[in-house]
Amino acid sequence: MSDADTPREVKLLPDAIHHAVKPGTALLRLATTHTREGILDGAWWPRSRDIGAELPALITALTEHLGPVTRVGLDADAWEELPTRLIIDDRIVHIDSFPVGDGTVLITRGDQDHFSLLVVPPHATPDAARTAMAQAVRVDNIAQAQQILIDTGTGRARPIAEEGPRAGPGRGTS
């Protein structure tokens with residue numbers, strides 16, 4: 001039996017993902033077909049609720065894979081002081097905010113191409129964040145973002161106003 005005939009074990013994510021996922025990480029499953037399976041295209045675990053500090057790194061990373069990002073839709077209740085636009089990498093990125101409370105961020109490139117990312121709350125533990133992010137990028141995922149957060153224990157445990165800096169065991173301070 002040749003190597004080509006040997007069944008390969010299909011894994012959801014590489015084993016190293018458990019070491020790579022940390023605050024500030026984005027995991028993406030970018031579908032280049034017209035039909036996308038699953039509800040979410042990826043997940044993002046920001047370090048804080050400060051969109052001005054968090055969004056530039058995400059947009060820069062996404063631009064490398066998707067091309068220029070023109071618009072970002074966010075849950076107004078999940079972030080501190082949302083601007084209407086940011087200049088990121090010398091490009092204007094428009095910020096739309098809605099009081100939806102659904103645990104997602106919508107990324108738009110061009111006029112109609114949207115990508116939906118699960119937003120893992122900054123206060124999530126590393127294990128819960130990894131689990132939520134892995135579930136979000138599963139091709140067969142049919143769970144809504146909010147349900148993933150509930151199922152993995154990463155849902156918002158306290159109001160944003162009470163959330164302070166997240167330093168301590170297992171959490172980066174950068």
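In this predicted model, Ile-107 makes a good starting point for a tour of the interior. With neighbours up to four places away in sequence left aside, Ile-107 is in contact with Ile-59, Leu-62, Leu-66, Val-69, Arg-71, Val-72, Asp-113, His-114, Phe-115 and Leu-117. A second, separate core of 14 residues includes Val-120, Ala-143, Ala-145 and Leu-149.

Ile-107 itself belongs to the largest nonpolar core, a set of 21 residues, where Trp-44, Leu-55, Ile-59, Val-72, Val-105 and Ile-107 have the most contacts inside the core. Two or more residues of this core are supplied by each of α2 (51–66), β3 (69–75), β4 (85–88), β5 (91–98), β6 (104–109) and β7 (113–119). Helix α2 gives the largest share, with six residues.

These elements sit within a protein chain that has four helices and seven strands. Followed along the sequence, the order is α-β-β-α-β-β-β-β-β-α-α. The chain holds 174 residues, and 40% of them count as buried. Among contacts with a separation of 6 or more, 63% join residues that are 24 or more positions apart. The accessible surface of the chain amounts to about 10100 Å², with 52% of this belonging to carbon and sulfur atoms.

Helix α2 deserves a closer look. Its buried residues are Ile-51, Glu-54, Leu-55, Leu-58, Ile-59, Leu-62 and Leu-66. These residues lie on the same side of α2, because the arc they cover around the axis is only 120°. On the face turned away from this buried side, α2 carries the exposed residues Ala-57 and Glu-64. Both ends of the helix also have features to point out. At the start of α2, the backbone nitrogen of Gly-52 has a side-chain oxygen of Asp-50 within 3.1 Å. After α2 comes Gly-67, with a positive phi near 95°.

Strand β2 (residues 42–45) offers another view of the interior, since both of its faces are covered. Gly-42 and Trp-44 are buried on one side, and Ala-43 and Trp-45 are buried on the other. Trp-44 is also among the residues with the most contacts inside the largest nonpolar core. The partner considered here is β7, which pairs with β2 in the parallel sense over three bridges. Within this pairing, Ala-43 stands opposite Leu-118 of β7.

Strand β6 brings the account back to the surroundings of Ile-107. Thr-108 is part of this strand and is buried, at a relative accessible area of 7%. Not counting residues up to four places away in sequence, Thr-108 touches Val-69, Thr-70, Arg-71, Asp-113 and His-114. Val-69, Arg-71, Asp-113 and His-114 also appear among the contacts of Ile-107.

Gly-103 occupies the loop between β5 and β6. This glycine counts as buried, because its relative accessibility is 16% and the cut-off for burial is under 20%. Beyond neighbours within four places in sequence, Gly-103 is in contact with Leu-117, Leu-118, Val-119, Ala-145, Gln-146 and Leu-149. Two of these partners, Ala-145 and Leu-149, are included in the second core. Val-120 is likewise included in that core, and its C-alpha atom is separated by 7.3 Å from that of Gly-103, with their positions 17 residues apart along the chain.

Thr-152 is found in the segment after α4 (145–151). At 14% relative accessibility, Thr-152 counts as buried. Its side chain reaches the backbone oxygen of Ile-148 at 2.8 Å. Leaving out residues up to four places away in sequence, Thr-152 touches Ala-128, Thr-131, Ala-132 and Gln-135.

The loop between β4 and β5 adds a backbone feature in two aspartates. Asp-89 lies in this loop and has a positive phi of about 55°, although it is not a glycine. Asp-90 lies in the loop between β4 and β5 as well, and its phi is also positive, near 65°. How exposed is each of the two? Asp-89 counts as partly exposed, at 48% relative accessibility, whereas Asp-90 is exposed, with a relative accessible area of 78%.

Technical notes. Residues are numbered from 1 along each chain as its sequence is written. This is a predicted model: local features need pLDDT of at least 70, side-chain atom pairs count only at pLDDT 80 or more; totals for chains, interfaces and linings use all residues. Side-chain values use heavy atoms; hydrogens and water are left out. A nonpolar core is a set of buried Ala, Val, Leu, Ile, Met, Phe, Trp, Tyr and Cys residues joined through side-chain atoms within 4.5 Å. Buried means under 20% relative accessible area, exposed over 50%, partly exposed in between (1.4 Å probe, protein chains only). Contact means heavy atoms within 4.5 Å. The arc is that of the directions from the helix axis to the C-beta atoms. A polar contact is a pair of N or O atoms within 3.5 Å; within protein, one must be able to donate a hydrogen and the other to accept it, and residues adjacent in sequence count only if both atoms are side-chain atoms. Accessible areas come from the Shrake-Rupley method with a 1.4 Å probe; for residues, only the protein chains shown count as cover. Two strands pair if DSSP finds at least two bridges between them.
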